[in-house]
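Subject: Structure for your review

Dear colleague,

Please find below the sequence and the structure that I am handing over to you. My notes on what was found follow directly after them.

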Amino acid sequence: MATGVSVLNTTVVGAPAAGAAIVRSHFEFAESAVQTVRALVLGPQLLLLDEPSLGLAPKLVTDLFATLAELRDEGMTILLVDQMASLALAVADRAYLLETGRVVQSGTGKEMQQDDQVMKAYLGA
């Protein structure tokens, strides 16, 4: 079944549905990357990131979290929301576990990584 793909207000009619999803995914990633780079160029004191690893290839996820660790080490404050719990905790100075909008546990990233309940519920251990 064919569908249309709209990228930067340009529609490609007749693109296969799977192709449309891939194009849309790559475009959304590129748009997100450009927005993040634009924010970093401005030299912020605080960087807010909501699910930056969503939809990325595993290698890009690894690179992303390595970069976040470097930014943290350079003194940037980062507020990160991400479902990649083990990676997020590895770069976190402080971590807050939310369930239905409420903080149910907090600690250092290392403390949270070593907590039995957190490990079972969120880290697949």
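R72 is partly exposed, with a relative accessible area of 23%. Please bear in mind that the model is a predicted one. R72 takes part in a salt bridge with D73, in which the closest N and O atoms are 2.8 Å apart. D73 is itself exposed, at 58% relative accessible area.

A search of the whole structure finds 2 salt bridges. Besides the pair just described, the side chains of K59 and D63 meet in a salt bridge, with 2.8 Å from N to O. Both K59 and D63 belong to helix α2, where they sit 4 residues apart, or about one turn of the helix. K59 counts as exposed, because its relative accessible area of 56% is over the 50% cut-off. D63, at 31% relative accessibility, is partly exposed.

The overall fold

The chain contains 5 helices and 6 strands. Followed along the sequence, these elements come in the pattern β-β-α-β-α-β-α-β-β-α-α. The chain has 125 residues, of which 22% count as buried. Its accessible surface amounts to about 8,900 Å², and carbon and sulfur atoms account for 58% of that surface. Taking the contacts between residues at least 6 apart in sequence, 31% join residues that are at least 24 apart.

The loop between β3 and α2

Two residues of this loop deserve a description, E51 and S53. Helix α2, which follows the loop, covers residues 58–73.

Is E51 buried or exposed? E51 counts as buried, because its relative accessibility of 19% falls under the 20% cut-off. Although E51 is buried, it has no salt bridge. The nearest side chain of opposite charge is that of R72, 18 Å away. What, then, lies close to the side chain of E51? A polar atom of the E51 side chain lies 3.2 Å from the backbone nitrogen of Q83. Leaving aside neighbours within four places in sequence, E51 is in contact with V81, D82 and Q83.

The backbone of E51 may also be of interest to you. Its phi is near 50°, a positive value in a residue other than glycine. Most residues other than glycine have a negative phi.

S53 is buried as well, with a relative accessible area of 6%. Its side chain makes a polar contact of 2.8 Å with the side chain of D82. D82 also appears among the residues that S53 contacts beyond four places in sequence, together with V61, L64, F65 and M84. D82 is in contact with E51 too.

Strands β5 and β6

T100 is placed in the loop that joins β5 (94–99) to β6 (102–108). Like E51, T100 has a positive phi in a residue other than glycine, here near 45°. T100 is exposed, with a relative accessible area of 82%, whereas E51 is buried at 19%.

A95 lies in strand β5 and is buried, with a relative accessible area of 8%. Which residues does A95 touch, not counting those up to four places away in sequence? They are L89, Q105, S106, G107, T108, G109 and M112. The C-alpha atom of A95 is separated by 10.0 Å from that of V81, and the two residues are 14 residues apart along the chain. V81 is one of the residues in contact with E51.

A nonpolar patch on the surface

L46, L48 and L79 form a nonpolar patch on the surface, and their accessible area together is about 310 Å². One of these residues, L46, is found in strand β3, which covers residues 46–50. L46 is partly exposed, with a relative accessible area of 46%. Its membership of the patch therefore fits the requirement of over 30% relative accessible area.

In brief

The points I would draw to your attention are the 2 salt bridges found in the whole structure, the buried E51 without a salt bridge, the positive phi values of E51 and T100, and the nonpolar patch of L46, L48 and L79.

With kind regards

Conventions
Residues numbered from 1 in each chain as written. Predicted model: local features only at pLDDT ≥ 70, side-chain atom pairs only at ≥ 80, totals over all residues. Heavy atoms only, no water. Patch = residues over 30% accessible without salt bridge, like charges linked within 9 Å, V, L, I, M, F, W, Y side chains within 5 Å. Areas by Shrake-Rupley, 256 points an atom, 1.4 Å probe, with all protein chains shown as cover. Salt bridge = Lys/Arg side-chain N within 4 Å of Asp/Glu carboxyl O. Buried < 20%, exposed > 50% of the residue type's maximum accessible area, 1.4 Å probe, protein only. Contact = heavy atoms within 4.5 Å. Lys, Arg positive; Asp, Glu negative; His and termini not counted. Polar contact = N/O pair within 3.5 Å; in protein donor to acceptor, adjacent residues only side chain to side chain.
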